[in-house]
Amino acid sequence: MTLGLPSHLAPQSINRSYAKAIHVVGFSSLIGSLLAAIAFQAAEPDDVLWPAMIAVLPLLALLWLDDRRRSSFYAASYLIVGAACVYWYILTFYSQTEPIVSSDAFSIALPKIALVMVGGVGRGVSVRIAWCVAGYAAAEIASTLAILQSGRHYEFDATTLLTFVATVAILSLAHLSRRRSRLSQPLLYRAARDEQLAAMRSRIELKAAALMHDTVLSHLAAIAGAAPGTPIGSLRDPIERDLQILIGEEWLSDESPEVDSRSRTDWQQSGLFSAIQESRAMGLDIESTGDLSAVSRLDREASTALGLAVKQCLVNVLRHSGTDRAEVAVYGSEAEVSVMVIDSGRGFSEAETGADRLGLRNSVRRRIESVGGAVQVWSTPGRGTSIMIRVPAVRASLIEGGS
Amino acid sequence: MRERTRQQLDPASTPGIRIVTIALSVGAFGYALVLTALGASEVTNPVFTVGALVALAAAGGILIAMASPYRAPLTARTHFVVQGLALGAALFEALGHWTRNEWIRDDWGAICLGVLLVALGSYRPAREIVVGTTVSALLLGFLTLLQAPQLSTKAPPIAFVIVAIVPLLSLGYASAVFSREIVESTARWQRRASEASVGLVKELRDGVTRSVQQDRVTILNRDVLPFFTELLATGTISNPDRARARQIADSIRRVMVEEVDRSWLENVIELAGGTGPGRSGAAKIVVDDEDRLAASMAADQRTALRALLVALIETPNFDRSDLRISLTASGRQCLGRLVANLSLSEFLLRSNFAPYFAVIRSVFTDMSIDFDAPTLTLRFSYEHQ
C-alpha cells in the first residue's frame with residue numbers, strides 16, 4: 001500500500017521526527033563547542049578553558065535524556081541547567097586575558113544554538129515553537145549575563161538569532177504544508193478498504209459462478225441434450241447433490257490458501273483423478289499420460305481448481321469437439337504442475353465461441369488464475385484443440401515442514 | 001523497486017512538502033545573496049563569486065523542479081547533481097574571496113549546502129544523506145584549512161574548520177535522522193493499518209458471502225429448484241422439459257456472462273454514482289474497456305484510481321454527464337486515459353487533486369496530466385499482470 005500516514009496520526013509521528021532531527025542539530029552544536037574549546041586550549045596552553053569543556057557535558061547528558069524520554073520535565077531541566085552551563089561556557093571564554101570571542105563568535109554561539117534546539121514535547125506546532133522561544137530566551141539571558149559579568153563589551157549575536165528564526169520558519173511552513181494532504185487522506189483510506197472488499201466479493205462471486213456452472217448449468221445441459229422420454233436415471237443423484245450443496249452454505253467459504261497449502265493431495269484423492277473418472281463415466285475415452293504423481297505437489301485449493309478446470313475442458317470435448325477421445329498429459333516441475341488436455345476434434349476459433357465462452361473463461365481460465373495459474377488455448381477449426389493449464393506447486397521445503 | 005523515502009512511502013503528502021522545499025531553496029539563495037552583498041569588499045575574483053551564486057541558484061532550481069509531484073520520485077541522480085552544484089558553489093565562493101577572506105562565519109557555502117540537504121530529507125533515504133553530508137564536510141573542512149592562514153583573526157585552524165562544518169554536519173545529519181524517523185513511522189503505521197484492514201475484511205466476509213449466496217439462491221428458487229423437483233418426481237425427461245432446461249440455462253448464463261463481464265471499474269462507477277446530498281442519480285460515465293484490461297490492474301493501482309474517481313464524482317463543479325475512461329492494450333502495456341470536465345481553475349485543480357495525482361503517479365509506470373479548462377485528461381499506463 002502506498003497511502004502513507006493517515007491524517008490523524010501524521011502530526012504525532014511527524015512531530016516526533018522533527019524533535020529527533022532538531023536534537024541532532026543540538027548534539028552537533030554541543031560536540032562542536034566542546035571541540036572548539038579543546039582546539040583553543042591546545043593553541044593557547046596558558047588559557048584556562050577546561051571549565052568550558054566541563055560545562056558542555058551536563059548539556060550533552062540532559063539533551064540525551066530529553067531525546068530519549070520526551071517529557072516536559074527533561075525538556076525544562078535541559079533549559080534551566082543548560083542556561084547555567086551556557087553562562088559558564090561563555091564566561092570562561094570571555095574571562096581569558098585576551099578574549100577569544102573576537103576571534104570567532106560562532107564558537108560561542110554553538111552552545112546557545114543547542115539550547116534553542118530543545119525540541120520539547122507536546123502536539124502541535126505552536127507548542128514546539130514555544131519551546132524554541134524559551135530555549136532562545138534562556139540562551140540569550142545566560143550569555144548576556146556572562147558577558148556583563150566578565151566586564152567586556154557586549155556584542156549582539158546574530159548567528160543564534162538567525163538559527164532561531166530559521167528553525168521557527170521551517171516548523172511553521174512544514175505545518176502549513178501538511179494541510180492539503182490532510183483533505184485527501186480519508187478518501188484514500190476509504191478507497192483502499194473498498195478495494196479490499198470488492199476483491200473479496202469478486203473472489204466469492206467467482207467461486208459461486210464457477211460452481212453454478214459446473215453443477216446446475218451442466219445438468220440442465222444434460223437434460224436439454226437427452227432424448228425425449230429418457231428416464232432420469234443416472235442424473236438423479238448428481239441433481240439431488242447439487243440442490244443440497246447450493247442451498248447449504250459451506251461452498252462459498254473463502255478459505256485462506258495459507259492454511260490449505262499444508263494439506264497436499266495424492267493422486268487418488270486429487271481433483272484431477274476424479275475429473276478423469278467422472279468424464280470416463282460420461283462416455284469419454286481418456287488416455288492419461290505423463291507424471292501423474294506430480295499433482296501431489298499441489299495444495300488442496302489448487303488441486304480442486306485444477307480438477308474442476310480439467311473437468312470443464314473434458315465436458316467441452318464431449319459437447320463440442322465431435323470426438324469421444326481425449327488425452328490428459330501431466331508434467332511436473334519443481335515450480336509448477338502442467339496439465340494438457342488434447343483432442344483431435346473439430347476445434348474452434350476464438351471469435352466464434354461467443355455463445356458458450358462462459359465455460360472456458362469462467363470455469364477454466366478464471367478459476368485457474370484465481371489460484372495463481374495460467375491457461376493457454378491452441379485451437380484451429382478442423383484440427384483439434386489443446387489446452388495447457390499450469391498451476392504453481394507447493395515448494396518442497398513447505399511440504400516437508402507441513403508433513 | 002520502491003525506495004524507503006518519505007516521498008515514495010507516502011506520496012499523498014508530497015505535494016505539500018514541496019512548499020517547504022521551495023522555501024528552503026529560495027531561503028538558502030537569499031541568505032547567500034545577502035552575505036555576498038555584505039562581504040563585497042572581500043571579493044578578489046568577482047567571476048567566481050558570481051559563478052558561486054549561479055551554481056547555488058541552479059542547485060535550488062533543479063531541486064524545486066524535480067520535487068514536483070509530477071516528476072516523482074526524486075532520484076539519487078538528482079541528489080548527486082544538486083549536491084555537486086552546491087559543493088561547487090561553496091568552492092567558487094571560497095575562490096571568489098581567496099587571499100582576502102576575513103571571517104569563516106560569514107561564508108555561506110557550507111550552510112546553504114546544509115539547507116539543501118534538509119530539503120532533500122523528504123525525498124532521499126537517510127544513508128544517502130549521511131554519505132553526502134560526510135563527504136561534503138570533509139571537502140569543505142579541507143578547503144577551510146587552506147584558507148586559515150589568510151583569515152583576519154588568530155585562532156587554531158581546527159577551530160575554523162569546526163566553525164565551517166558544524167552547521168553543515170548538523171543540518172545534514174538532522175535531515176538524515178528526519179528521513180529515517182519519518183520512513184520508519186510511516187512503514188510502522190502501514191503495517192498496522194494493513195493488519196487492521198485484513199481483520200476488518202475478514203469480519204465482513206460472512207456478510208458478503210451471505211449476500212452473494214442470496215443472489216444465487218434467488219435465481220435458483222425462482223426457476224431451477226421447482227424444475228428439478230418436478231423432474232425428480234416424474235422421473236423421465238420429456239420434450240417440454242428439454243426446452244425448459246435450455247431456456248433456464250440460457251437465462252442463467254446470460255446473467256452470469258453479464259456479471260463476469262463487468263469489471264471492478266464499472267462497479268466503482270456504479271456505486272459512486274448513487275444519489276447523495278446535492279446530486280441525483282447515476283453518473284453518465286463511459287468505461288471503454290474492450291479487452292477487459294481493468295482486471296489486470298494491481299490492488300494499489302485500483303485503489304489509487306478508485307480514490308480519484310470518487311473524489312472527482314464528489315467535486316461540486318464536476319460535470320457528471322461527461323467522464324470517459326478508456327483502456328487499450330499496446331504490447332505488454334495497458335494505456336489508460338481518463339477525460340473529465342471540471343469547471344475549476346488550473347490552480348484549484350492542481351492543489352485539490354495533487355495528492356491523488358501523486359498517489360496515481362507512484363503506482364502506475366507512467367502518468368501525465370493535461371488540463372485545458374474545463375477538460376482534464378489523465379493518461380497512465382501499467383503492465384499486464
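This report looks at how chains A and B meet, at the salt bridges, and at two surface patches in a predicted model.

**The interface**

Let us start where the two chains touch. Chain B brings 96 residues to the contact, and chain A brings 93 residues. Together they bury about 8400 Å² between them, and carbon and sulfur atoms give 71% of that area. On the side of chain B, three residues are worth finding in the viewer: B:Trp189, B:Leu232 and B:Ile237 supply 9% of the area that chain B buries against chain A, more than any other three residues. Charged pairs also take part, as the rule finds two salt bridges across the interface of chain B and chain A.

**Salt bridges**

Side chains of opposite charge can pair when their charged atoms come close. Over all chains, the structure holds 11 salt bridges. Two of the pairs are set out here.

| Acidic residue | Basic residue | N to O distance |
|---|---|---|
| A:Glu195 | B:Arg306 | 3.1 Å |
| A:Asp157 | A:Lys112 | 2.8 Å |

The pair of A:Asp157 and A:Lys112 links distant parts of the chain, with the two residues 45 residues apart. A:Asp157 sits in the loop between α5 (125-150) and α6 (158-225) of chain A, while A:Lys112 belongs to helix α4 (residues 105-116) of chain A. The other pair in the table joins a side chain of chain A, A:Glu195, to one of chain B, B:Arg306.

**Surface patches**

Now for the outside of the model. On chain A, the residues A:Val48, A:Trp50, A:Ile54, A:Leu57 and A:Trp88 make a nonpolar surface patch of about 490 Å². Which helix gives the largest share of the nonpolar patch? Helix α2 (residues 50-69) of chain A does, with three residues. A:Ile54 lies in this helix α2 of chain A.

Chain B carries a patch of another kind: B:Arg4, B:Arg188, B:Arg191 and B:Arg192 form a positive surface patch. To place one of these residues, look for B:Arg4 in the segment before α1 (6-9) of chain B.

Terms used. Residues are numbered from 1 along each chain as its sequence is written. Chains are lettered from A and ligands numbered from 1 in the order in which they are written. This is a predicted model: local features need pLDDT of at least 70, side-chain atom pairs count only at pLDDT 80 or more; totals for chains, interfaces and linings use all residues. Side-chain values use heavy atoms; hydrogens and water are left out. Patches are made of residues with over 30% relative accessible area and no salt bridge: like charges are joined within 9 Å, nonpolar side chains (Val, Leu, Ile, Met, Phe, Trp, Tyr) within 5 Å. Accessible areas come from the Shrake-Rupley method with a 1.4 Å probe; for residues, only the protein chains shown count as cover. A salt bridge is a side-chain nitrogen of Lys or Arg within 4 Å of a carboxyl oxygen of Asp or Glu. Lys and Arg count as positive and Asp and Glu as negative; His and the chain ends are not counted. The place of a charge is taken as NZ of Lys, CZ of Arg, CG of Asp or CD of Glu. Helices (H or I, at least four residues) and strands (E, at least two) are DSSP runs, numbered from the N terminus. Contact means heavy atoms within 4.5 Å. Buried area is the accessible area (1.4 Å probe) that two parts lose on being put together, summed over both.
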